[in-house]
Amino acid sequence: MKITDVEVVYLKIPTVAMEANGTQDAAVVLVHTDDGITGVGEAESSPLVVKAIVEAPRSHSVMVGLRELLIGQDPFAIERLWWRMYEGSLYFGRKGAVLHAISGVDIALWDLKGKALGRPLCDLLGGSTATKVRAYASGLFGKRPEESGEKAVRFREAGFTAFKFGWEDFGRDPRSDRAHVEAIRRAIGDEAPLMVDVGWARDSGGAVWDVKTALARSRMLAEYGVYWLEEPLHPDDLDGYRRLSAASPVRIAAGEEEAGLPSFRDLIERGGVDVVQPDVARAGGVTETMRIAAFADAHHRPCVPHHYSTGILGAVSVHVNASIPNRLFQETPAPGEGSVLNTDLVAPAFKLDADGCVVIPDGPGLGIDLDPDVMARFRVG
Ligand SMILES: [Mg+2]
């Protein structure tokens, strides 16, 4: 079998708002073969940037678009193709958008291999060590504390047993932050894991949080048994993360902006964070996320795949999560928070079981199919 084409499909809902919602557009990556099997992946990035990285013509030996590096190659040789893409894009890549594009291709190659062999992805990753993974509902704080509490009730009634709230106005005012967390805790009970995602908060003076602000807030959140505090500092502030992680009574989580194992090495070894959150569609695909998870495991850190995009990322995240020893939770956009691209792009749709766990899809590859109507309706170009 040979790769015949690599296609990036740009999907977008009609109006993309300036809100922290990663489900408003998507870059779907399709790897086609001469056998007629197509692998489906996703790159979690700016879709037209990913398209350009795939389609770029060769400039010289270490500056080549991904498609040219892949056409004519054996799609089963995923590790070799990963390094071929990484090295062939070295001068404009290594991190950021190029790793996002490589992620999309890598996910599609794993899906393709699973489809060709008739086995689910987690079987190819060594055989999963779990049949399901506990999900947490990931949503935005409400505008007012009461609204945060109402959302928490809604997420709980939808079957979730763990919860994360983030962004919006959180971080500006300690009293308001406390009121939000208090309302949520009241709604979900004392036992349920609750996580808080700061998402680049600014304080009342308009400054991005520093270590002292984060530490003060972490002490307040500890009173409510918050399980982790996510992204409290600028992603480049690794020395700040080191000081904060050492002093904070609440675990510090980070990693959704990072791409590539070297960045996660720095986040863990220099930043000292407690929980790492690679996004499979940004960090380097299935291949690199498995390496990141192993590195985190060797440092006794849980690995919690970030997911706030379409059901493609949802499905691949669950397969990866089920295949790593340091699994903890699977992030899942909460009901009513994600767009139609999150809920309707793939079948079967995401489902929780009675324990609040997401069941691993058992079809070949990722175990999902793209909905042709949704693809046609939201396709741009
Ligand atoms: Mg986050």
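Reader: Why is Gly 36 called exposed?

Author: Gly 36 has 8 C-beta neighbours inside 10 Å. A residue is exposed if 12 or fewer other C-beta atoms lie within 10 Å of its own, buried if there are 20 or more, and partly exposed in between, with C-beta atoms placed from the backbone. Gly 36 therefore counts as exposed. Gly 36 belongs to the loop between strand E2 (25–33) and strand E3 (38–43); helices (H or I, at least four residues) and strands (E, at least two) are DSSP runs, numbered from the N terminus. The C-alpha atoms of Gly 36 and Arg 202 are 51 Å apart in space, with these positions 166 residues apart in sequence.

Reader: On what basis do such statements rest?

Author: The model is predicted: local features need pLDDT of at least 70, side-chain atom pairs count only at pLDDT 80 or more, and totals for chains, interfaces and linings use all residues. Residues are numbered from 1 along each chain as its sequence is written.

Reader: What makes Arg 94 partly exposed, and what is notable about its phi?

Author: Arg 94 has 15 other C-beta atoms within 10 Å, and is therefore partly exposed. Its phi is near 75 degrees, a positive value in a residue other than glycine. Arg 94 is located in the loop between H3 and H4.

Reader: Why is Glu 231 placed in its burial class?

Author: Glu 231 is buried because 25 other C-beta atoms lie within 10 Å. Glu 231 also has a positive phi, about 50 degrees, although it is not a glycine. The loop that holds Glu 231 runs between strand E7 (228–230) and helix H9 (238–247).

Reader: Is Asp 353 buried or exposed, and what makes it so?

Author: Asp 353 has 12 other C-beta atoms within 10 Å, so it is exposed. Asp 353 sits in the loop between E11 and E12. Leaving aside neighbours within four places in sequence, Asp 353 is in contact with Lys 132 and Val 359, where contact requires C-beta atoms, placed from the backbone, within 7 Å. Its C-alpha atom is separated by 9.5 Å from that of Arg 134, 219 residues away along the chain.

Reader: What makes the peptide bond from Ala 347 to Pro 348 cis?

Author: The omega of that bond, from Ala 347 to Pro 348, is near 0 degrees. Pro 348 lies in the loop between strand E11 (346–347) and strand E12 (357–359).

Reader: How do you know that the protein chain is as compact as a globular protein of that length?

Author: The protein chain contains 15 helices and 13 strands. Its radius of gyration is 20 Å, close to the 21 Å from the globule rule for 381 residues, so the chain is as compact as a globular protein of that length. The radius is taken over C-alpha atoms, and the rule is 2.2 Å times the number of residues to the power 0.38. The C-alpha trace spans about 60 × 40 × 40 Å along its principal axes, and buried residues make up 51% of the 381 residues. Among contacts between residues at least 6 apart in sequence, 73% join residues at least 24 apart.

Reader: Why is the largest nonpolar core said to lie between domain 1 and domain 2?

Author: A nonpolar core is a set of buried Ala, Val, Leu, Ile, Met, Phe, Trp, Tyr and Cys residues joined through C-beta atoms within 7 Å. The largest such core has 106 residues, of which Leu 66, Val 105, Phe 163, Ile 312 and Val 316 touch the most other members. Helix H4 (residues 96–117) gives the most to this core, with 10 residues. Domain 1 (3–118) and domain 2 (124–378) both give residues to the core, so it lies between them; these bounds come from an automatic or database domain assignment. Beyond four places in sequence, Val 316 is in contact with Ile 107, Leu 121, Val 280, Val 286 and Leu 366.

Reader: Which residues and elements form the contact between the domains?

Author: The C-alpha centres of domain 1 and domain 2 lie 24 Å apart. Their contact takes 37 residues from domain 1 and 34 residues from domain 2. On the side of domain 1 that touches domain 2, the elements giving two or more residues are strand E1 (3–12), E2, E3, helix H3 (78–88) and H4. H4 gives the most to that side, with 14 residues.

Reader: Why is H1 called roughly perpendicular to H4?

Author: Helix H1 (residues 47–55) and H4 pack at an angle of about 80 degrees, with axes 9 Å apart. Angles of 65 to 115 degrees count as roughly perpendicular, under 35 as roughly parallel, over 145 as roughly antiparallel, and the rest as oblique. H1 is therefore roughly perpendicular to H4. The axes are lines fitted to C-alpha atoms, for helices over the stretch in contact, and angles run from 0 to 180 degrees between N-to-C directions. Val 49, Val 50, Ile 53 and Val 54 in H1 meet Ala 97, Val 98, His 100, Ala 101 and Gly 104 in H4.

Technical notes:
Two residues are in contact if their C-beta atoms, placed from the backbone, lie within 7 Å.
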